[in-house]
Amino acid sequence: MKWLDRLEEILITFLIAAATVIIFVAVVHRYVSGWPLGAFQDFLLSIHLSWAQELCIILFVWMAKFGAAYGVRQGIHVGVDVLVNFLSPANRHIITIIALAACILFTGIIAILGAMLVWENGLAYVFLSSFGFETGDHYEGPTTPDLEWPTWIVYLAVPLGSSLMCFRFIQVLVTYLRTGEMPHHDHGHVDGLNDELDESAMGQKS
Amino acid sequence: MSALVIFGLLLILMLTGMPISIALGLTVLTFLFTMTEVPIEAVALKLFTGIEKFEIMAIPFFILAGNFLTHGGVARRMINFASSMVGHWYGGLGLAGVLACALFAAVSGSSPATVVAIGSILLPAMLKAGFPKNFGAGVITTSGALGILIPPSIVMVMYAVATNSSVGALFMAGVVPGLMLAGFLGFTTWYRAKKFDYPRQPKANLETRWKAFRDSIWGLLLIVVVMGGIYTGIFTPTEAAAMSAVYAFIVAVFVYKDMGLKDVPRVLLNSASMSAMLLYIITNAVMFSFILTNEQIPQSMADWMLAQGLNAIVFLLAVNILLLVAGNFMEPSSIVLIFAPILFPMAMKLGIDPIHFGIIMVVNMEVGMCHPPVGLNLYVASGITKMGITELTVAVWPWLLTMLIFLVLVTYVPAISLWFPKLLGVM
Amino acid sequence: ADPITIKFSHVVAPDTPKGKAAEKFKQLAEEKTKGAVKVEVFANSTLYKDKEEMEALQMGAVQMLAPSLAKFGPLGVKEFEAFDLPYIFRNYEDLHKVTQGEVGMGLLTKLEAKGVKGLAYWDNGFKIMSANKPLKTPDDFKGLKMRIQSSKVLEAEMRALGANPQVLPFSETYQALQTGVVDGTENPPSNLLTQKMHEVQKNASVTNHGYLGYAVIANKAFWDKLPEDVRKSLEEAMKESTDYANQIAKEENDKALEAVKASGKTEVYMPTEDETKAMQKALAPVHTEMSERIGKDLITSIYTATGFDPAK
Ligand code: NA
Ligand code: NA
């Protein structure tokens, strides 16, 4: 599964970088094209970037869906552990298993609902009509306003992301049952600071 | 009735320790499956469209900018500058801590990040200079909370999203309260340092100060990029966030050169992961507030409250207590996203200004971050100082008390929040 | 029996013409069906937002909506973009020949292929241009950052004027104008006033160059399943609330324009006939440019219905 881990990381890294660059370029374009630069201004005005916001939003929603799955691996999703910490180890063990099972259930259901949404929202029409079947009650779905992409393609983030998330929770549960270990993200940790600490410092929780 | 079911279920699920986002989502699903006729595919739709809003995109951008800054040595330079300015006063390095936190807060959207960025460098230095451990821990834990009050602020973006308020107006409304709280915390620091006669730094000469300023200027300029950009209208808040991410990248990699290009993918990945976690809470909270609306719960709660003859003063007192209690169990983003949709309609009916109400919520979140059992800043500070939570709680009390006094002021004097944005004409 | 519940969701405030008309429909529908139907109106995007309401309607999560006509292009019925064409309607009379005539009704039936039942058109009004400088001739628009709502036609319109179109959500427009993120915008006077945009715009020009309107729509499966008599009563209620909607929209816009003038915060300019001609001339290419997309036949049938001659 190393390839899947890698793919996931590359995808979300790319998405956040691309969104940043796009907005940067769109803002610069908005201002520079307002300057009276003659033919160059006409050239700039002929570049259409009105889709930038829409694309940025789509990239970030995709980043959010796949990043949430990556976050499961990192144990980054915060919960309320006040009560759990009061329990005996045996009870805590049971509650943890129940909680993880609930996470698997939820992300699994969302993956299915998401698939249904994508199907209803245009995939069914595309699928049925391209194989020459009756489309019946299935309609050709809407497109996004600026880029005019079919929304069902855009919404694919929900079933794909949630399936991956479900898979990650299953992995976490299996590991927990085997070893009793859970991934845990230390929200107090900011990397990149370690090298700045003084020799005599007390160090930082790793 | 449905309100009881919804909140009861949410509470039970949250207490199992599962992620808050998933507890919210499961509550919604259970409710929709069993009690309403809303087609459940609407849930999947909301999971996409819930965050399909350009304002929300400020969150990943601010997180990215913040990460470039912590990697880029900006915090260290801000501390040097702050201690060259106020280090020779009573409480020297402590005051420098407050000032450095305020400066860093003006470029970072998060409180824990502020505590870490400033605390992990300054606390060791304070100990070396002879300050007691709990003094330093108290200063940094509470001053770090300025991170969400002084703009930019991720929590403010969350509030704006939950209530359809203007991010820009909220940012401007946070400026005066943020500076004021910094002043209050600084005063407490100075007073206690004077009382116990803690060490002072030698006074820095003009040359040292100028050098420290020059050194930190690239970080300080980010304040101009973000705040100046928003109120001169060069950028929308989200664009300002994106520009600050690009700027912070350039400063970290090409100006200060504290990080290399090879470190960039890791910073991007960590920022994306943190953002995704917050965006996942937002999506599920949006669904949660959708079923509340669908059942008309906030409206009927507001009507009920008016029928009891509650006035604004009592209401705000109740809100403060409720939020402080909630701050015992949950982190700020979830609190704001869950409670704002419920409390906001009530506040509107009582004629409370939406922006003022937002600042009240943010200050409450700040206090909540500094007290146990759940107080992110406390945990962060405990990580840095290796002090226990109980010991830390005792250490922060003078500053926590200061914050509570400030909370009362902000709650009942709307002008503190509203004067500045009104002056600028953004509301 | 339990009443049939209709959730009617829209994205504007309850005290706008559309908001009031929705309430009017609720009242009339409940009266005429003698309580057999219960209408719950959700204003201000409290239930579904701009971007999701169409999907929600298609899947039956909400029964009625009144989206702006620009929303039907993305749904796949690009013909509706004809309503955005600059200067295609000279006045309300022209407009109603289309929206209340055969051409308009024909357009509504096109929605049925998408699972949507079109019920009526509700006016908002004719748009005027605003900015922080006088906008008399097309040259005045050169390089201006003009806020538009997402629409290919409006984008082409602003480009034809040499402006730089910026797509921004309606809710962010005031602040963007106030701070100068954008220089100007186009709106019916009532939007200009209620969003306080006139406070942050120095000049407005009553160009009446474009139309802004809504279509009231329902989920088709839901609508077709209604008992015959209930559907009849609802259609009557819709007819009456449409008259009401159009009447108050016009009144509201006239009043708003006067209020903007009276406020003294925006200088309101009435273009001369020559200036209007120059604008029409500059914008005429938009009709040709968009005709592929929208459909030549439809555009021609609108010209025929209104007696509009693009050559003039
Ligand atoms: Na901040
Ligand atoms: Na707390």
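## Exercises on chain contacts, a sodium site and salt bridges

The count between chain B and chain C is one salt bridge. The model is a predicted one, and the exercises below begin with this pair of chains.

**Exercise 1. Find which residues form the salt bridge between chain B and chain C, and describe the contact around them.**

Step 1. The two partners are C:E52 and B:K46, whose closest N and O atoms are 2.6 Å apart. A salt bridge requires a side-chain nitrogen of Lys or Arg within 4 Å of a carboxyl oxygen of Asp or Glu, and the pair C:E52 and B:K46 is listed as one.

Step 2. Besides the salt bridge, three residue pairs are in polar contact between chain B and chain C, with both residues at pLDDT 80 or more.

Step 3. On the side of chain B that touches chain C, two or more residues come from each of α3 (41-49), α10 (167-195), α11 (206-231) and α13 (264-294) of chain B. Among these elements α3(B) gives the most, with five residues.

Step 4. Sorted by class, this side of chain B holds twelve nonpolar, eleven polar and four charged residues.

Step 5. For the contact as a whole, chain B contributes 27 residues and chain C contributes 21 residues, while the area buried between the two chains is about 1,900 Å², with 53% of it on carbon and sulfur atoms.

**Exercise 2. Describe the interface of chain A and chain B in terms of residues, buried area and polar pairs.**

Step 1. Begin with the residues: 69 come from chain A and 78 from chain B.

Step 2. Turn next to the area, which is about 6,400 Å² buried between chain A and chain B, 77% of it on carbon and sulfur atoms.

Step 3. One salt bridge is counted between chain A and chain B, and its partners are A:R30 and B:E239, whose side chains meet at 2.8 Å, N to O. Four residue pairs are found in polar contact across this interface, both residues being at pLDDT 80 or more.

Step 4. On the side of chain A that touches chain B, at least two residues are supplied by each of α1 (2-32), α3 (52-74), α4 (89-130), α5 (151-155) and α6 (157-179) of chain A. By class, that side has 45 nonpolar, 16 polar and eight charged residues.

**Exercise 3. Which protein atoms are the donors of the sodium ion (ligand 1), and which parts of chain B does the pair B:A105 and B:I150 tie together?**

Step 1. The protein donors are the O atoms of B:A105, B:S108, B:G147, B:I150 and B:P152, which lie 2.2 to 2.4 Å from the sodium ion.

Step 2. Read along the chain, these donors follow the spacing A-x2-S-x38-G-x2-I-x1-P.

Step 3. B:A105 belongs to helix α6 (residues 92-105) of chain B, whereas B:I150 belongs to the loop between α8 (133-143) and α9 (154-163) of chain B, so the pair ties together parts that are 45 residues apart in sequence.

Step 4. To judge burial, recall that buried means under 20% relative accessible area. B:A105 counts as buried because its relative accessibility is 0%, and B:I150 counts as buried because its relative accessibility is 8%.

**Exercise 4. For the salt bridges C:K32 with C:E236 and C:R159 with C:E155, state where the partners lie and whether they are buried or partly exposed.**

Step 1. In the pair C:K32 and C:E236, the closest N and O atoms are 3.9 Å apart. This pair links distant parts of the chain, since C:K32 is in helix α1 (residues 17-32) and C:E236 in helix α10 (residues 228-263) of chain C, 204 residues apart.

Step 2. C:K32 counts as partly exposed at 24% relative accessibility, and C:E236 is also partly exposed, with a relative accessible area of 45%.

Step 3. In the pair C:R159 and C:E155, the closest N and O atoms are 3.7 Å apart. Both residues lie in helix α6 (residues 152-160) of chain C, and because they are four residues apart there, about one helical turn separates them.

Step 4. C:R159 is buried, with a relative accessible area of 18%, and C:E155 is buried, with a relative accessible area of 7%.

**Exercise 5. How many salt bridges are found over all chains, and which residues of chain A are linked in a network?**

Step 1. The search of the whole structure finds 33 salt bridges over all chains.

Step 2. The network of salt bridges links A:D5, A:R6, A:E8, A:E9, A:R73 and A:R168.

Note on methods: Residues are numbered from 1 along each chain as its sequence is written. Chains are lettered from A and ligands numbered from 1 in the order in which they are written. This is a predicted model: local features need pLDDT of at least 70, side-chain atom pairs count only at pLDDT 80 or more; totals for chains, interfaces and linings use all residues. Side-chain values use heavy atoms; hydrogens and water are left out. Contact means heavy atoms within 4.5 Å. Buried area is the accessible area (1.4 Å probe) that two parts lose on being put together, summed over both. A polar contact is a pair of N or O atoms within 3.5 Å; within protein, one must be able to donate a hydrogen and the other to accept it, and residues adjacent in sequence count only if both atoms are side-chain atoms. Ala, Val, Leu, Ile, Met, Phe, Trp, Tyr, Cys and Pro count as nonpolar, Asp, Glu, Lys and Arg as charged, and the others, Gly among them, as polar. Donors are N, O and S atoms within 2.8 Å of the metal (3.2 Å for Na, K and Ca); water is not among the atoms, so sites may look incomplete. Buried means under 20% relative accessible area, exposed over 50%, partly exposed in between (1.4 Å probe, protein chains only).
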